[in-house]
Amino acid sequence: MERKVRVRFAPSPTGPLHIGGVRTALYNYLFARQHGGDMVFRIEDTDSNRFVPGAETYIIEAFKWLGIEFDEGVSFGGDKGPYRQSERRDIYKKYVKQLLDAGKAYIAFDTPEELNAKREQVANFQYDASTRLEMRNSLTMPAEEVERLIAEGAVYTVRFKIEPGEDVHVDDIIRGDVVINSSILDDKVLYKSADELPTYHLANIVDDHLMEISHVIRGEEWLPSAPLHVLLYRAFGWEDTMPRFAHLPLLLKPTGNGKLSKRDGDKLGFPVFPLLWTDPATGAISHGYREDGYLPEAVVNFLALLGWNPGDDQELMTMDDMIRKFDLSKCSKAGAKFDYVKGWWFNREYMLARPAAEFAPAFVKLLAENGVTATEEQAAAVFEMMKTKNIEYIDGQSGQTKKRNVSFIADFWPLCDFFFQAPTAFDREDKFVKKNWKEGAAADMQELHDILAGLDDFSVESQKAAVDAWVAETGKKPWNTWRVCLVGQGKGPDMHELAAFLGKEETLRRMEFAINNL
């Protein structure tokens, strides 16, 4: 009988969740949902020295924002808990004893100082079959001495006893049959008496088995651990329940080689964490996708295509689309360049697809931060007029000024200030002003002013009918000169739409100011 699909995402609460971890969780989620399976949320907190307060809450909030849902686990409940590894000490001890009793593991008393001395003495030292008999462990010491040291409270570790010379096969959905010879593996520490906790290697195998995990989908960086995990499954006699592995490609720097890091984001101006993070130790603040104005569905869509291709030309996909199309075998083996500029594009596309009213509260807040009071109705109207415009930005790679589409609410303020703040002076050296305010401009604007002043209905349609008739009769082209009056620069929406937004009184006032001052 085919096993039910059960996957897990098991982060460590050592800080904010990296965007690469988000992608791993997303792929697990898509796979589980496609197969009608479950997704388990587990916390790997066996390394007590690296625990960071607030990290667990941050991770849960991030997934809630992104719309990635768990079926069981920490804060979600379930019948296979506890789901924090620090709460499973007694469970792990049982399996440590099982390995020791079967001769598959041994107790080692080597101190950090002794291990360092050995590393200095032996080049490329590795604790394995070739060196274990030279060390202080239960393989080289009398049983009585081992028992005495343990009774006296001596600190020890339990190491997995790996036999050399065996080709270990890892069945990987993405990479095929991965073969690694056991001779290159070291006798990994599985348990530390100092804190009575297992290491990652033992805890994950035991948890995956007891929680009936059918597929382990994780980052490529864990591929070297896979042969060890295969050997551990065999040592416990759990071959029949061994999950299938899928090791995802790394997220790479946007430029150059290497794994994507926070430093890349800081340098080029994009977040590498889903939410803003304040380091509890230093107070340092790291940007987050949510606080930087990204929409969660845009982030999910963007991440899904970094390392996976559905096999068609569709880029914009709902979560349901991705669940339907997702196929682990179509994930790339090679790392995926983190094209953060493409992330801007995704956000813009999702922003354009939403009603302007949804962005009005955030826009009102942005305006208030810049000293402007506006209603949500006004904010929505401006958003609708300006959402397809471009802004200038400093490219993080070249340092040059470039243009890009409006992609975030924060982009709107430098584009939209004139909707709420009339020009108080004009830069006569500005190229746009210089080109469009020439001899006769004041007289033309006075004519246009008088036409508009005579309108009782100041709607776009009414303005257009009156102004178009004047243009047809005189052959004049007033649009850019009129823009100088109302905006002061070469930016903004259709002039009739802008004038209708400003209203008759403000439009005429701005025109009078320009006529008198230019």
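Which residues does arginine 175 touch, not counting residues up to four places away in sequence? The first legend takes this up, and every close-up here comes from a predicted model.

**View 1. Arginine 175 sits in the loop between strand E6 (167–172) and strand E7 (176–181).** Once residues up to four places away in sequence are set aside, arginine 175 touches Glu220, Leu223, His247, Leu248, Pro249 and Lys333. Lysine 333 also offers its backbone oxygen, which the side chain of arginine 175 reaches at 3.3 Å. Is arginine 175 buried or exposed? Its relative accessibility is 18%, so arginine 175 counts as buried, the cut-off being under 20%.

**View 2. Serine 214 occupies the loop between helix H6 (200–210) and strand E10 (215–219).** With a relative accessible area of 5%, serine 214 is buried. Its side chain makes a polar contact of 2.8 Å with the side chain of histidine 215. Beyond its neighbours within four places in sequence, serine 214 is in contact with Arg3, Lys4, Val5 and Arg6, and also with Pro243 and Arg244. Glutamate 212 belongs to the loop between H6 and E10 as well. Glutamate 212 is partly exposed, at a relative accessible area of 45%, and its phi is positive, near 60 degrees, in a residue other than glycine.

**View 3. Helix H17 (residues 460–474) has buried residues along one face.** H17 has 15 residues, and its first and last C-alpha atoms are 21 Å apart, close to the 21 Å expected at 1.5 Å a residue. Which residues of H17 are buried? They are Ser462, Gln463, Val467, Trp470 and Val471. Looking down the axis of H17, these buried residues fall within an arc of 155 degrees, so they line one face of the helix. Their packing partners are helix H16 (441–453), helix H18 (479–486) and helix H19 (495–502). Turn to the other side of H17 and you will find Glu461, Ala465, Ala472 and Glu473 exposed. Glycine 475 follows H17, with a positive phi near 75 degrees.

**View 4. Helices H16 and H18 pack together at an angle of about 80 degrees.** Their axes lie 10 Å apart. The angle makes H16 roughly perpendicular to H18. Where the two helices meet, H16 contributes Ala441, Met445, Leu448 and Leu452, while H18 contributes Thr481, Trp482 and Cys485.

**View 5. Histidine 449 is a residue of helix H16.** A relative accessibility of 9% means that histidine 449 counts as buried. The side chains of histidine 449 and aspartate 450 are joined by a polar contact of 3.1 Å. Leaving out neighbours within four places in sequence, histidine 449 is in contact with Leu508, Met511 and Glu512. For a sense of scale, try lysine 402: histidine 449 and lysine 402 are 47 residues apart in sequence and 36 Å apart in space, C-alpha to C-alpha.

**View 6. Two loops are worth a look for their backbone angles: those holding proline 82 and asparagine 124.** Proline 82 is found between strand E3 (72–73) and helix H3 (89–101). The peptide bond joining glycine 81 and proline 82 is cis, with omega about 0 degrees. Asparagine 124 lies between helix H4 (112–121) and helix H5 (143–151). Its phi is positive, about 55 degrees, although asparagine 124 is not a glycine. At 77% relative accessibility, asparagine 124 counts as exposed.

How values were computed. Residues are numbered from 1 along each chain as its sequence is written. This is a predicted model: local features need pLDDT of at least 70, side-chain atom pairs count only at pLDDT 80 or more; totals for chains, interfaces and linings use all residues. Side-chain values use heavy atoms; hydrogens and water are left out. Helices (H or I, at least four residues) and strands (E, at least two) are DSSP runs, numbered from the N terminus. Buried means under 20% relative accessible area, exposed over 50%, partly exposed in between (1.4 Å probe, protein chains only). A polar contact is a pair of N or O atoms within 3.5 Å; within protein, one must be able to donate a hydrogen and the other to accept it, and residues adjacent in sequence count only if both atoms are side-chain atoms. Contact means heavy atoms within 4.5 Å. The expected span of a helix is 1.5 Å times one less than its number of residues. The arc is that of the directions from the helix axis to the C-beta atoms. Axes are lines fitted to C-alpha atoms, for helices over the stretch in contact, and angles run from 0 to 180 degrees between N-to-C directions. Angles under 35 degrees count as roughly parallel, over 145 as roughly antiparallel, 65 to 115 as roughly perpendicular and the rest as oblique.
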